[in-house]
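Me: I would like to go through this model and ask, point by point, what justifies each description. Please set each value against its definition before you conclude.

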2 protein chains.
Amino acid sequence: MTSPAPVHARTAGFLLIGNEILTGKIQDANLQPLAHTLRTIGVKLQACSVVSDQVQNIVLELDRMRSAVDIVFTSGGIGPTHDDVTLEAVACAFGVGLVSNPDLSLRLSRVYGKDLTDTHLLMARVPEGSVLLGNDDLAWPIVCQGNVWTLPGIPELFRSKLTIVRQYLRGPSSFYSAWVMLTLDESAIKRELDAVAAEYADVEVGSYPKWFDPHYKTKVTFDGTEQQRVNLALERLLDHLPKSAVVQSQAAACPT
Amino acid sequence: MTSPAPVHARTAGFLLIGNEILTGKIQDANLQPLAHTLRTIGVKLQACSVVSDQVQNIVLELDRMRSAVDIVFTSGGIGPTHDDVTLEAVACAFGVGLVSNPDLSLRLSRVYGKDLTDTHLLMARVPEGSVLLGNDDLAWPIVCQGNVWTLPGIPELFRSKLTIVRQYLRGPSSFYSAWVMLTLDESAIKRELDAVAAEYADVEVGSYPKWFDPHYKTKVTFDGTEQQRVNLALERLLDHLPKSAVVQSQAAACPT
């Protein structure tokens, strides 16, 4: 069953599932693309957790996240092997069983043709009541159970699923972002930063020192849902700093 | 005050603090080096969370993590600007105030010399009762409050602090790791993997498909605290697969 209706969400959480990340074997590559995608569609990524491949851990974290945000994305653990337990955990969290999905079985049979095995078909087992998101010709759609969307862990596949996320998910408002790079230390601009942050409480003002960059020492960012306010906050800071301290700056134009 | 005594811990958690990660502006670069470091000293990294720069969020997450693991590392939010609230949150979580630390003030005055300002000295404020880890000649030691060690967010500085972590932290046992890269799909080796995972329940067997690598299709990893068991698990799998399927393999030698 394919659901074409857009889903509305204000906040999101991301649950990275995988021992390989917690043991330092690999560096996660999925958080940033998801965070960026959510930003462009106006959904606030509020939390991210990494947990090991154990059903009990995943269920606990799913329960906690589901109650805190509107939509939860998972990454990893949806293959056919013993350490792929994400869908089992999702089913458990929702108090349903895992059932074979005829639509997914059909898609898998198209992928593997005459080489299709019972092991491949294990990947057609989804929590009872799941909805598949993605065109019918897609081998691996996103399996959604309630407000939990399960994405693959392999970075290339994960990123390909973000197209579906953009297609179906809607946030309440766009985010606007402006920034300036300065040759001054954070300490030297603290007073002006404090003033801007206090005056523009609706704009998130972030200050990021660079210790090992020959071009600038501090990047200040301005984020908010009102384009004009974001740009006014940037201008307010620039007005109070010497022009020679500004390496580069960018006002908020399109939503980012 | 510098504490030279080693700290013993079995499990660890990592709390990444920063809006810049949750908004997708930057990719985290600190989790993997910490995970790898903990692995080499035999401490199990059990959980990782990313939270925004808000005291209340950080306190909640600190409380949750502190009760679940032996030691918690934080990253980010220890500079002098308005969005640096990590130490305030740590103080709050421990029910103490922030106080100026004479040792840190001295170190800061050595760094900034005649340019030292009150803003710089804000970075000498630590939770009451904190211990500093790191040689006396270090400008920024690690500030430890109870079982919470606060590390900087800037990746180059973060990594430099891992030397101190290695110096002071001890795990109960070494971890051993072995692996094999195969030309076979996960689905084709599932039966053999299940058998090894069942027979070697004390060894973590991980299976990681590669979809876009011309050299191999699946990497299987074996992790445990008994070197011999890890290697027996690897051998058990190799014995049941055709030799031609093995691209490369590595038995567990030194602790990793």
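Me: What rotation and what shift along its axis superpose chain A on chain B?

Reply: This is a predicted model, in which local features need pLDDT of at least 70 and side-chain atom pairs count only at pLDDT 80 or more, while totals for chains, interfaces and linings use all residues. Residues are numbered from 1 along each chain as its sequence is written, chains are lettered from A and ligands numbered from 1 in the order in which they are written, and side-chain values use heavy atoms, with hydrogens and water left out. A rotation of 180° with 0.0 Å of shift along its axis superposes chain A on chain B, at an RMSD of 0.0 Å, the fit being by least squares on the C-alpha atoms of residues with pLDDT of at least 70 in both copies. The two copies are therefore related as by a two-fold rotation axis. In chain A, the C-alpha nearest the axis belongs to A:Ser49, 2.1 Å from it.

Me: How do you know that the copies meet through the same surface?

Reply: Of the interface residues of chain A, 100% are also interface residues in chain B, so the copies meet through the same surface.

Me: What makes the pair A:Arg107 and A:Asp103 a salt bridge?

Reply: A salt bridge requires a side-chain nitrogen of Lys or Arg within 4 Å of a carboxyl oxygen of Asp or Glu, and the closest N and O atoms of A:Arg107 and A:Asp103 are 2.9 Å apart. Both residues lie in helix α5 of chain A, 4 residues apart, about one turn of the helix, where a helix is a DSSP run of H or I of at least four residues and a strand a run of E of at least two, numbered from the N terminus.

Me: Why is A:Arg107 called buried?

Reply: Buried means under 20% relative accessible area, exposed over 50%, and partly exposed in between (1.4 Å probe, protein chains only). A:Arg107 has a relative accessible area of 1%, and is therefore buried.

Me: Why is A:Val111 called partly exposed?

Reply: A:Val111, which lies in helix α5 (residues 102-112) of chain A, has a relative accessible area of 39% and so counts as partly exposed.

Me: Which parts of chain B does the salt bridge between B:Arg229 and B:Asp202 tie together?

Reply: The side chains of B:Arg229 and B:Asp202 meet at 2.9 Å, N to O. B:Arg229 lies in helix α9 (residues 227-239) and B:Asp202 in the loop between α8 and β12 (204-209), so the pair ties together parts that are 27 residues apart in sequence.

Methods
Contact = heavy atoms within 4.5 Å.
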